[in-house]
Amino acid sequence: MYVYTHPACLRHDPGPTHAERPERLSAVTDALRATFDALQWQEAPRATRGQLLRVHDDALLALVLDNPVDTRIALDPDTMLGPGSAEAALRAAGAGVAAVDAVLVGGQRRVFCAVRPPGHHATGSAAMGFCLFNSIAVAASHACEKHGLSRVAVVDFDVHHGNGTQAIFETDLRVMYLSSHQLPLYPETGRADEHGVGNVINAPLPPGAGSEPFRAAWREHLLPALDAFRPQMLLISAGFDAHRLDPLAQLELETDDYRWLTTELVAIAERHAHGRLVSMLEGGYDLQALRECSVAHVGALLAP
Ligand SMILES: [Zn+2]
């Protein structure tokens with residue numbers, strides 16, 4: 001199984017006290033390398049401007065890519081742009097594009113992208129919430145525009161609602177967006193009555209919910225909707241910040257919840273999509289939880 005990553009993703013530096021720090025990615029890649037021999041590590045290419053422009057406007061590209069910054073500037077109170085940020089964002093988005101190509105025409109079945117910065121809060125026109133470009137949206141649009149798919153599912157189990165992904169696709173019937181997340185919590189979107197054009201399914205959960213309400217939301221609500229959509233490909237926004245160790249949220253999941261959900265998603269990909277599945281790292285801010293959850297997630301992706 002391919003895993004896309006790039007050393008440039010370690011050189012986006014939001015600052016010494018920022019939760020979204022390079023050590024997050026090292027924790028994931030070190031744990032995966034130490035645990036699995038079967039992974040084939042691939043260098044993520046850069047996304048092209050054309051690939052980014054499928055979901056982002058010129059002004060955001062110019063802000064991130066054409067604005068040489070010698071020091072760190074704040075795009076919003078949480079979202080920093082520094083000397084290494086543009087290259088990291090290009091490699092993160094490029095990983096998703098390459099992963100889509102790998103499963104659609106490259107003979108791969110499941111691919112994981114170990115990248116940062118995360119992406120699912122970035123809207124078409126704005127970087128926000130630690131995210132510069134919306135890498136999963138760039139990947140989904142690539143699957144539709146380049147490969148002609150008409151039913152692509154983006155599944156988001158990060159503890160935060162992927163407001164950017166939802167906003168980009170909420171009028172695009174080719175893409176279904178399904179999310180479980182804590183509410184109230186940043187960015188305060190993702191209410192159950194936000195349906196897009198029937199292609200958005202949100203399952204907000206209250207702080208302290210824990211494993212059973214999380215699994216029930218997927219088992220009874222999100223997975224049946226995903227199954228009925230019959231996706232030709234699954235993309236996963238794999239954030240591990242709903243774990244009970246995470247300092248930014250209070251959803252209180254266990255590591256095994258990620259193994260369980262990943263196995264369910266693999267089964268749906270096998271049923272409808274010839275197994276085609278691409279997962280991309282989003283959030284997760286406790287290093288031990290990141291190690292455990294990424295191993296549980298990728299271990300389930302490696303299952304036959
Ligand atoms: Zn998150």
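**A zinc site and a covered helix**

Student: How are the donor residues of the zinc ion spaced in sequence?

Tutor: This is a predicted model, in which local features need pLDDT of at least 70 and side-chain atom pairs count only at pLDDT 80 or more, while totals for chains, interfaces and linings use all residues. Residues are numbered from 1 along each chain as its sequence is written, and side-chain values use heavy atoms, leaving out hydrogens and water. Donors are N, O and S atoms within 2.8 Å of the metal (3.2 Å for Na, K and Ca), and because water is not among the atoms, sites may look incomplete. Written along the sequence, the spacing of the zinc donor residues is D-x1-H-x80-D.

Student: At what distances is the zinc ion coordinated?

Tutor: Asp 158 appears twice through OD, and it is joined by His 160 through ND1 and Asp 241 through OD. Together, these atoms coordinate the zinc ion at 2.0 to 2.8 Å.

Student: Is Asp 158 buried or exposed?

Tutor: Buried means under 20% relative accessible area, exposed over 50%, and partly exposed in between, using a 1.4 Å probe and protein chains only. His 160, at 8% relative accessibility, counts as buried. Because the relative accessible area of Asp 158 is 1%, this residue is likewise buried.

Student: How many residues of α5 are buried?

Tutor: Helices are DSSP runs (H or I, at least four residues), numbered from the N terminus, as are strands (E, at least two). The buried residues of α5 include Ser 135, Val 138 and His 142. This helix is mostly covered, and of its eleven residues the number buried is ten.
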